[in-house]
Amino acid sequence: MQLDKVYDNLNLYATIVTERTMALVMEEWLLLSYKVPPEPSSKRVSIWRKIKNCGAIYIQNGVCMLPKNDEHQRQFKIIQNEIISIGGETLLLETVGLDKKEEDNIITRFNEERNDQYQEFLDKCADYRAEIIKETENKHFTYAELQENDEDLKKQKGWLEKIRKLDFFGAPLLADAEKQLLICEQMLEEFAQHVFNAEGQ
């Protein structure tokens, strides 16, 4: 009986330690703060575009962040050098959220940005499916049309891969984006079969 009580106490202690450890092991972040000259505006836009292209989010004007890893550190350092080269000021810091709630809020921001991109991708998939349906209904089964649709699908695949690469925390719309791409692939296969049949192959 006493042994059971000891085991219960050990299990309770292990659970508490595990929960505390999990609370302590939070994501580490890179924080880039910068200021660039207002002119020429093309340089400012170029910096903004490079920051967005590496998947960073802005937490306020001139302050952005990424999850900490070697690649992101390298990307931020390259951007830092460019900022300095155009006469700007910059500071790169490593940080953690003060608590789990803060970290969850940051991750939510990353996921919202990726979801916006996935939604744009989904809209393009809908346009692609509509185009295949229109060409099928019009019986426009030519190799030229097949090649055009094939190239468009390759662009869609490349676009999704770029978004997925920046999806650090698995945004909710990822699964739907992957599913819709598969549907587009299946529709292209069916369209290709119509073209081969029409051409007697």
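The accessible surface of this protein comes to about 13200 Å², with 53% of that belonging to carbon and sulfur atoms. Keep in mind that you're looking at a predicted model. Of the 201 residues, 33% are buried. There are 6 helices and 4 strands in the protein, and along the sequence they run α-β-α-β-β-α-β-α-α-α. Among contacts with a separation of 6 or more, 80% are between residues 24 or more positions apart.

**The sheet**

- The 4 strands make an open sheet, ordered E2-E3-E1-E4, and the pairing is antiparallel.
- E2 and E4 sit at the edges with a single partner strand each, so one side of each has no neighbour in the sheet.
- From one strand to the next, the twist averages 30°.
- Helix H4 packs on this sheet and touches E1, E2 and E3, with its direction making about 130° with that of E2.
- As general background, strands of a sheet pair through backbone hydrogen bonds, either parallel or antiparallel.

**Strand E3 and its partners**

- Strand E3 covers residues 63-67, and 5 of the 5 are buried, so the strand is largely enclosed by the rest of the structure.
- Both of its faces are covered: Val 63, Met 65 and Pro 67 are buried on one side, and Cys 64 and Leu 66 are buried on the other.
- With E1 (residues 28-35), E3 pairs in the antiparallel sense over 5 bridges.
- Two residue pairs to look up between those strands are Leu 32 with its bridge partner Cys 64 in E3, and Ser 33 with its bridge partner Val 63 in E3.
- With E2 (residues 57-60), E3 also pairs in the antiparallel sense, over 3 bridges.
- Cys 64 turns up again here, as the bridge partner of Tyr 58.
- E2 and E3 form a hairpin with 2 residues between them, and Gly 62 in the turn has a positive phi of about 80°.

**Helix H6**

- H6 spans residues 174-198, and its 25 residues should cover 36 Å at 1.5 Å a residue; the end C-alpha atoms are 36 Å apart, so the two agree.
- Its buried residues are Leu 174, Ala 177, Gln 180, Leu 181, Cys 184, Met 187, Leu 188, Phe 191, Ala 192 and Val 195.
- Those buried residues of H6 pack against helix H4 (100-137) and helix H5 (143-165).
- After H6 comes Gly 200, with a positive phi near 75°.

**Salt bridges**

- The structure holds 11 salt bridges in total.
- One of them joins the side chains of Glu 94 and Lys 68, at 3.0 Å from N to O.
- That pair links distant parts of the chain, 26 residues apart: Glu 94 belongs to strand E4 (residues 89-96), whereas Lys 68 is in the loop between E3 and helix H3 (70-85).
- Glu 94 counts as partly exposed because its relative accessibility is 49%, and Lys 68 is partly exposed as well, with a relative accessible area of 30%.
- Over in helix H4, the side chains of Glu 131 and Lys 134 meet in a salt bridge at 3.7 Å, N to O.
- Glu 131 and Lys 134 lie 3 residues apart in H4, about one turn of the helix.
- Glu 131 has 26% relative accessibility, so it counts as partly exposed; Lys 134 is partly exposed too, with a relative accessible area of 41%.
- Helix H5 has a salt bridge between Arg 164 and Glu 161, whose closest N and O atoms are 2.5 Å apart.
- Arg 164 and Glu 161 are 3 residues apart, again about one turn of the helix.
- Arg 164 is partly exposed at 29% relative accessibility, and Glu 161 is partly exposed at 44%.
- Finally, Lys 52, Glu 113 and Arg 114 are linked in a network of salt bridges.

Notes:
Residues numbered from 1 in each chain as written. Predicted model: local features only at pLDDT ≥ 70, side-chain atom pairs only at ≥ 80, totals over all residues. Heavy atoms only, no water. Buried < 20%, exposed > 50% of the residue type's maximum accessible area, 1.4 Å probe, protein only. Pairing = 2+ DSSP bridges. Contact = heavy atoms within 4.5 Å. Areas by Shrake-Rupley, 256 points an atom, 1.4 Å probe, with all protein chains shown as cover. Expected span 1.5 Å × (residues − 1). Salt bridge = Lys/Arg side-chain N within 4 Å of Asp/Glu carboxyl O. Axes fitted to C-alpha atoms, helices over the stretch in contact; angles between N-to-C directions.
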